[in-house]
Amino acid sequence: MQLKSYLLPLLSVASTLTATPIASPDKASLESRSAAGCFEITQFRNSGSPHSISATVSFDVVDRSTNAAATCRAILSIQPSIVTTQFPTYCNDTTVAFGFQYNPPFPGYWLSIAHIYNNNNTVDAGAVWAGRDIRRYDNPSGNPNGDYDYLNYPAEFSVAYNRHVQQLPISTAAAPVPTP
Ligand SMILES: *[C@@H]1O[C@H](CO)[C@@H](O)[C@H](O)[C@H]1NC(C)=O
Ligand SMILES: *[C@@H]1O[C@H](CO)[C@@H](O)[C@H](O)[C@H]1NC(C)=O
């Protein structure tokens, strides 16, 4: 669990490290070390539902530069009412996956998103910090079953990503293991 949770940040670090200029034709490449583009997020929410123990994290994501468009959703039918889900949780288009994770003691939620295409050789991946501003919606009917918790976070935002292009060795020999 822990290993998986830290996979995305570790991959970013590993990519940065392997991007040091050591000559090797088989080396995977980063097209850019700064952000290569942006996922545009709309309709983001992470909240419980009135009169229900289920809670939902959902959003739409588009990337106009690659024509990616997906709806991403994870539903929990138990408390707590803020949903977490491991990366990769697949979106309706399975070339897009996300994670929404909380790894205490680090205080708050991470949204990570990846789009994989080009025969699984190109991965655009990015993450944002979603904070920890959890609020309670008080149902005006006064019925406490109508109350629910939600993460106070914008419904629209963008997630900058880096692009990793995997260039597989042409020979059948195993790819070199990067030295630490
Ligand atoms: C996924 O949802 C998006 C809307 O966000 C839609 O444009 C797209 O066609 C859907 N893809 C699939 C494979 O159903
Ligand atoms: C990409 O990887 C997924 C998951 O392993 C696999 O289902 C899919 O067929 C692959 N696509 C291509 C084009 O290789």
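These are short questions and answers about a predicted model.

Me: What makes Cys-72 and Cys-91 a disulfide?
Reply: Their sulfur atoms are 2.1 Å apart. The cut-off is a pair of cysteine sulfur atoms within 2.5 Å. The pair therefore counts as a disulfide. By this rule the count comes to 1 disulfide.

Me: Is the link of Cys-72 and Cys-91 right-handed or left-handed?
Reply: The link is right-handed, with 100° about the S-S bond. Cys-72 sits in strand S4, and Cys-91 in the loop between S5 and strand S6 (96-102), so the disulfide ties together parts that are 19 residues apart in sequence.

Me: Are Cys-72 and Cys-91 buried or exposed?
Reply: Cys-72 is buried, and Cys-91 is buried too.

Me: Why is Cys-38 called partly exposed?
Reply: Its relative accessibility is 29%. Buried means under 20%, and exposed means over 50%. Cys-38 falls in between, so it counts as partly exposed.

Me: Why is Ser-77 called partly exposed?
Reply: Ser-77 has a relative accessible area of 48%. Exposed requires over 50%, and buried under 20%. Ser-77 meets neither cut-off, so the label is partly exposed.

Me: Where does Ser-77 lie, and what is it in contact with?
Reply: Ser-77 lies in the loop between strand S4 (68-76) and strand S5 (85-90). Leaving aside neighbours within four places in sequence, Ser-77 is in contact with Ile-53 and Ser-54. Ser-77 and Ile-53 are 24 residues apart in sequence, yet 5.8 Å apart in space, C-alpha to C-alpha.

Me: Why is Asn-139 called buried?
Reply: Asn-139 has 18% relative accessibility. Buried means under 20%. Asn-139 therefore counts as buried.

Me: Where is Asn-139 found, and which residues is it in contact with?
Reply: Asn-139 is found in the loop between strand S9 (134-137) and strand S10 (148-151). Beyond its neighbours within four places in sequence, Asn-139 is in contact with Pro-50, His-51, Gly-146 and Asp-147.

Me: Which residues are around ligand 1?
Reply: They are Asp-60, Ala-70, Thr-71 and Asn-92. The protein covers 42% of the 360 Å² of accessible area that ligand 1 has on its own. The shell divides into 1 nonpolar, 2 polar and 1 charged.

Me: How do you know that Thr-71 and Asn-92 make polar contacts with ligand 1?
Reply: An oxygen atom of ligand 1 is 2.8 Å from an N or O atom in the side chain of Thr-71. For the side chain of Asn-92, the distance is 2.4 Å. A polar contact needs N or O atoms within 3.5 Å. Both pairs therefore count as polar contacts.

Technical notes. Residues are numbered from 1 along each chain as its sequence is written. Chains are lettered from A and ligands numbered from 1 in the order in which they are written. This is a predicted model: local features need pLDDT of at least 70, side-chain atom pairs count only at pLDDT 80 or more; totals for chains, interfaces and linings use all residues. Side-chain values use heavy atoms; hydrogens and water are left out. A residue is near a molecule or strand if one of its heavy atoms lies within 4 Å of it. A polar contact is a pair of N or O atoms within 3.5 Å; within protein, one must be able to donate a hydrogen and the other to accept it, and residues adjacent in sequence count only if both atoms are side-chain atoms. Accessible areas come from the Shrake-Rupley method with a 1.4 Å probe; for residues, only the protein chains shown count as cover. Ala, Val, Leu, Ile, Met, Phe, Trp, Tyr, Cys and Pro count as nonpolar, Asp, Glu, Lys and Arg as charged, and the others, Gly among them, as polar. Helices (H or I, at least four residues) and strands (E, at least two) are DSSP runs, numbered from the N terminus. Buried means under 20% relative accessible area, exposed over 50%, partly exposed in between (1.4 Å probe, protein chains only). Contact means heavy atoms within 4.5 Å.
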